[in-house]
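Notebook open, coffee poured. I wanted to look up how the strands pair and what sits in the nonpolar cores.

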Amino acid sequence: MKNMKKWFLIVFLGSGLLAAQDRKPRDHDQMHRLHSDPKAYIAMLEDPERDAYQKPEEVIRALEIEPGEVIADIGAGSGYFAFRLAAATGVEGRVFAVDISPDMILHMNRRIRDHGVSNVTTMLADPDDPLLPSGSVDRFFICDTWHHIQERPAYLSRIRAALKPGGQLVIIDFHKRELPFGPPMEMKIDRRDLIAEMKESGFEPSREFDFLPYQYFVVFEAK
């Protein structure tokens, strides 16, 4: 029964992430079919047209990442942000690219091998646990994924345990309004609700950026 529940969560979260990233409206059957085709899914995640609204280079610059940082990219997918984060941390840093999809982990492992990347470590995680060591991470980076987490207070406690003292949590997710991109309205988390639930778990907003057209971009610090 536990394995069946985990399988359901992987399928549900994967198809939800697909909706969050996709540029083309699809019904649930179409999303499941695309998610079952790893090549098509990866092509969609890496579509250059995604850059127009996701602005990955601007996001990386805004974070002011220091060489040597250890960053956990939760819901890393194809590595869209993970490899950019790795370039910013330098060879002395490390990025944990965490995902619940074995296909995405395999894809990132191939990229690591083919491009000789030495500072990205993939992590095949549980939907409710990133499986990271205690006190190992300077910064968690979670883009277009937080609204998929089912037990968010428990997940935040695991994030807190994995953070080093003074660590940060970065959340980028879609505004709760009608948008040309993003998940269905019922799955979105309003920015004010996000900040409230973070404060309840001991995370205070420290910085916020407003250059993304469809998403909020908030940096939290563990108190």
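**Strands first**

I started with β6 (residues 203-209), which pairs with β7 in the antiparallel sense over six bridges. This is a predicted model, so I'm reading it as such.

Next I checked the link between the two: β6 and β7 form a hairpin, with five residues between them. For one bridge in that pair, I found Phe 203 partnered with Ala 222 in β7.

Then I looked at the pairing of β7 with β5 (residues 163-174). Those two also run antiparallel, joined by seven bridges. Here Ile 172 stands opposite Phe 217 of β7.

Is β7 buried or exposed? I looked at residues 215-222: six of the eight are buried, so the strand is largely enclosed by the rest of the structure.

**Then the cores**

I pulled up the largest nonpolar core and got 28 residues. Phe 140, Trp 146, Ile 159 and Leu 169 have the most contacts inside it. Elements giving it two or more residues are β1 (70-74), β2 (94-99), β4 (137-143), α8 (152-162), β5, α9 (191-200) and β7. The largest share is from α8, with four residues.

I followed up on Trp 146. Leaving aside neighbours within four places in sequence, its contacts include Arg 152, Tyr 155, Leu 156 and Ile 159. Also on Trp 146's list are Ile 171, Asp 173, Ile 189, Leu 194, Glu 197 and Met 198.

Last entry: there is a second, separate core of 27 residues. Among its members I noted Ala 62, Leu 63, Ile 65 and Ile 172, and Ile 172 is the residue I had already logged opposite Phe 217.

How values were computed
Residues are numbered from 1 along each chain as its sequence is written. This is a predicted model: local features need pLDDT of at least 70, side-chain atom pairs count only at pLDDT 80 or more; totals for chains, interfaces and linings use all residues. Side-chain values use heavy atoms; hydrogens and water are left out. Buried means under 20% relative accessible area, exposed over 50%, partly exposed in between (1.4 Å probe, protein chains only). Two strands pair if DSSP finds at least two bridges between them. A nonpolar core is a set of buried Ala, Val, Leu, Ile, Met, Phe, Trp, Tyr and Cys residues joined through side-chain atoms within 4.5 Å. Contact means heavy atoms within 4.5 Å.
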